[in-house]
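Please look over the model below. Some questions about its fold and its chain contact follow.

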There are 2 protein chains.
Amino acid sequence: MAARTAYDLLKERFAQISHLGHAASILNVDAQVAMAAGSAADRTGQVIAIASASHMLITAPDVAQWLDAAEKDKASLPADDQRNLELMRRNWVHVNALSKELAEEVARIESEGEHLHVEHKKNGDWVKMRDWYKHSFDTARAIGTAKMAKLGVATPYEALLDSFSPGLTSARIDAEFAKLQAHLPAIIREAVARQQALPTPLPLKSYPVEQQVELCRTLALAMGFDTNRGVISVIDGHPSCNGSPDDIRFTLGCTPENFLEAVYSTIHEAGHGIYDQNRPAAWRYQPAGEHLGMNVHESQSRIMEVQACHTPAFFRFLEQAARKAFNEPTEPSLSAANLERLINTAQPSFIRTEADEVTYAVHVMLRYRIEKAMVNGDMTIDELPKAWNDGLKDMLGITPPHAGQGHMQDVHWPCGLVGYFPAYTLGDMGAAQLYAAATKARPEITAELEKGNFTPLRTWLNDNVHSKGSLLPSDEMFRQATGEALNADYLLNHLSQRYLGRPFVAAAAAAPDNKHKFG
Amino acid sequence: MAARTAYDLLKERFAQISHLGHAASILNVDAQVAMAAGSAADRTGQVIAIASASHMLITAPDVAQWLDAAEKDKASLPADDQRNLELMRRNWVHVNALSKELAEEVARIESEGEHLHVEHKKNGDWVKMRDWYKHSFDTARAIGTAKMAKLGVATPYEALLDSFSPGLTSARIDAEFAKLQAHLPAIIREAVARQQALPTPLPLKSYPVEQQVELCRTLALAMGFDTNRGVISVIDGHPSCNGSPDDIRFTLGCTPENFLEAVYSTIHEAGHGIYDQNRPAAWRYQPAGEHLGMNVHESQSRIMEVQACHTPAFFRFLEQAARKAFNEPTEPSLSAANLERLINTAQPSFIRTEADEVTYAVHVMLRYRIEKAMVNGDMTIDELPKAWNDGLKDMLGITPPHAGQGHMQDVHWPCGLVGYFPAYTLGDMGAAQLYAAATKARPEITAELEKGNFTPLRTWLNDNVHSKGSLLPSDEMFRQATGEALNADYLLNHLSQRYLGRPFVAAAAAAPDNKHKFG
């Protein structure tokens, strides 16, 4: 057997680190799904110990030596391995920028923050959470500051952004969000007015949780989620998708009186899960086999949730599936037309995760503006609540009844996930752009949804997105799949088509609305 | 703040290693309770990565330096910290004896062995498992050999034994097992004959799994299992108890036609769980806060299962609890007398985990004899099946129908747990000895069980066993709690009292039966 090269040793080390990350992810799922309340401190100790071990494994002096040696020999590697090596270096730079103490603090904030968030969100108790939020943002700023020089970026926020949506700078995001900012308010106004002119949809009846779960399982299987390599669990909290490529866990909440919540949680999380399950097996546990960032991950959940499953064809399939699951052959509220009226709405609301697709970007752009200002030192913790309320009032004309439905509604900030939020709207943009390309390449995609046949869409995504892992940078993946880099025009066109019944043409749209400044 | 001493740094490192062990334990529970079948390879990768990280954390050169420095300064530490430091060194010796590759192989065998065992046990397919068993024993021998010199012991098996039941040498075990070997056959013969003279017990009715689970939960709570720091799950496989002190997971199987299986699984596993939950909080995550070995752990499950819960007083409580759970006010098979007849039996049988308390030690002593011979090179893999069948025939007069009910029935050997088995009978010995001391100190213990009141027993165990952690060596714990070191006479006396109705007196018992040689 030939002696192992530095690159071989790196692959082994990065696989070990990948496994440790997956272990922590499963432990976080267990904490949501199975763990008793009094066990939180033990669990925090475990995820910190894993984070600390990972940190040690990547900051060990031998890794730096292997990287130097492998990079000297880089030209001898196949192209995909060269890319893998570049991603190893990028990961190494991110991790080495942090001290062991800072890395452990990140794990602690993520683990403890979730418990605190759950405890205090329900009453919107900002007094109890203010110091924790401050600590989380201070830590995020310390991380960004530590990484700035190593990554060669100009602000702490830019460094954080690179962890979540690599390859997308805040300048790029500002430019794309500016288009949304310019044209979305007019689309929202017109869409809301059009909706108000439509008849009120019929309310849904209540259905037992077990029947809802069965319906959700049917949908996930139709989409192509592989339950031999994944588990669907019902929980009380926020739905999520975690685990490892061959062990995807997604959770969903079921409320008897609105089965559509469980249905669309399932479709969203299964979209994430299908991406993970279909990343390239040859690059499993290696950086090149990883997802391309949270923005692309989100594009895969949203292409299923809002692009494919808000279409009349899908609503016809959902009608049949729901009638069967609930044994309701004639119930009028389950008609495809009524389901479409209940789902395809445009109405300002408080909760991001429940927001319709027209107003969703407003929540995200406001989070982005605030977290960027917080991290870059342009906003203090005590200015934050007002910034949220003012922004929401300004953009959507509404004011939340309390902080739990306002700036404290999301788990990200108390868990230290700062720099994550723009990925949601970048994901919506990507979903619109990919769906346009997919349906152009395979015109049968939408019509087949009426039969519950997701295969044409899924195989196009397998070929053009999932199987690429991180072998291409995200802009290049978009270019190869759609002909151009990420472009917000596709999202504007999608919303205009679906809610205003006409294509979006920037020049022909209402003059940009300069009242609102995001970015 | 004073500079941290070498001992402080050791405490931090050992806590991290403890957390990693707990993380792996929870991942193993998840694999049993929640994971999909196709995810096994990912999970194996995770537990190997954790084992490898733990190995690296304890074999790092700084740990050796800290140990040397702390030992030089040992006299300055409080007595309990001195003991903690000694245990750190003992752990260090165990781990440092193994190469990283061997440590990873241990984790791989434990993870993969479980899946192979489950797959092939049902048909007793020895052809498929023979090579795996051989690999597991070869690996165990390699481990024992690597550790022998470092631990200053004479055989590879002795070194393995020290991992599971520290402080108990095979010479000690041989001496105690020789007493059982000498007197147990006569007790079994007489007990079986007495049982055969009794009327046949009434068979149980079938009860729904949900009602059984509710009954089991009631029992676990009565025993003092803290469900705020633990979870009870129902699974198909073998019951077990895992996790971390503040996150104890125990699993149980329920078969509708015999609710007593679930009941006694619960009592056994809750006994383990209560020990873990009540180890000294001040020494949590440190070696001195660990359990005292699998022999003492097993004493805590068996003191609940067979000492406390095979008594007429407990059967009267169980009758009431079962009548309530199953809504059966008059069903005759649920009478305390009938439950006692169903549980307190003496009858040779194939399956260790289902064996009655009279014949149980035969299974264990045979496993011990075989695994010792396998590890020390006195038996080959192809001699193993016959050794099992011959031993069982010789001692109990029965021959299993196939290997899955014979030498392949237990998960230990395919999972690399070699050196573990004697702990079961050492546990029974300890349980008999501790129960004798507890009921002498608090005569109300047994009578209170009739009311479902386990508090007198549990608090005695809290004070004398649980709260000691590993602060005392196991012999010393037994001496302080019972007045003498571990002694098999207590088990013989217990069995004689319960099944023959008279105390055991070695001199007055039948002449030792020299036909059988164990040890």
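**Burial, dimensions and contact**

Q: Why is helix 2 of chain B said to be largely enclosed by the rest of the structure?
A: The model is predicted. A residue counts as buried if 20 or more other C-beta atoms lie within 10 Å of its own. Helix 2 of chain B is largely enclosed because its count of buried residues is 16 of the 20.

Q: What span does helix 2 of chain B reach from its first C-alpha to its last?
A: Helix 2 of chain B covers residues 40-59, which is 20 residues. At 1.5 Å a residue the expected value is 28 Å, and the helix comes close to that, reaching 28 Å.

Q: What radius of gyration does chain A have, set against a compact globule?
A: Chain A has 519 residues, and a compact globule with that number would have a radius near 24 Å. The C-alpha atoms fill a box of roughly 70 × 55 × 55 Å along the principal axes. The radius of gyration of chain A agrees with the globule value, at 23 Å.

Q: What percentage of the residues in chain A are buried?
A: Chain A is built with 20 helices and three strands. Of its 519 residues, the buried portion is 49%.

Q: Which element gives the largest share of the side of chain A that touches chain B?
A: The contact takes 33 residues from chain A and 33 residues from chain B. On the chain A side, the elements giving two or more residues are helix 1 (6-33), helix 2 (40-59) and strand 1 (230-234). The largest share, 10 residues, comes from helix 2 of chain A.

Conventions
Residues numbered from 1 in each chain as written. Chains lettered and ligands numbered in written order. Predicted model: local features only at pLDDT ≥ 70, side-chain atom pairs only at ≥ 80, totals over all residues. Helix = DSSP H or I, 4+ residues; strand = E, 2+ residues; numbered from the N terminus. Expected span 1.5 Å × (residues − 1). Buried ≥ 20, exposed ≤ 12 C-beta atoms within 10 Å, placed from the backbone. Rg over C-alpha atoms; globule rule 2.2 N^0.38 Å. Contact = placed C-beta atoms within 7 Å.
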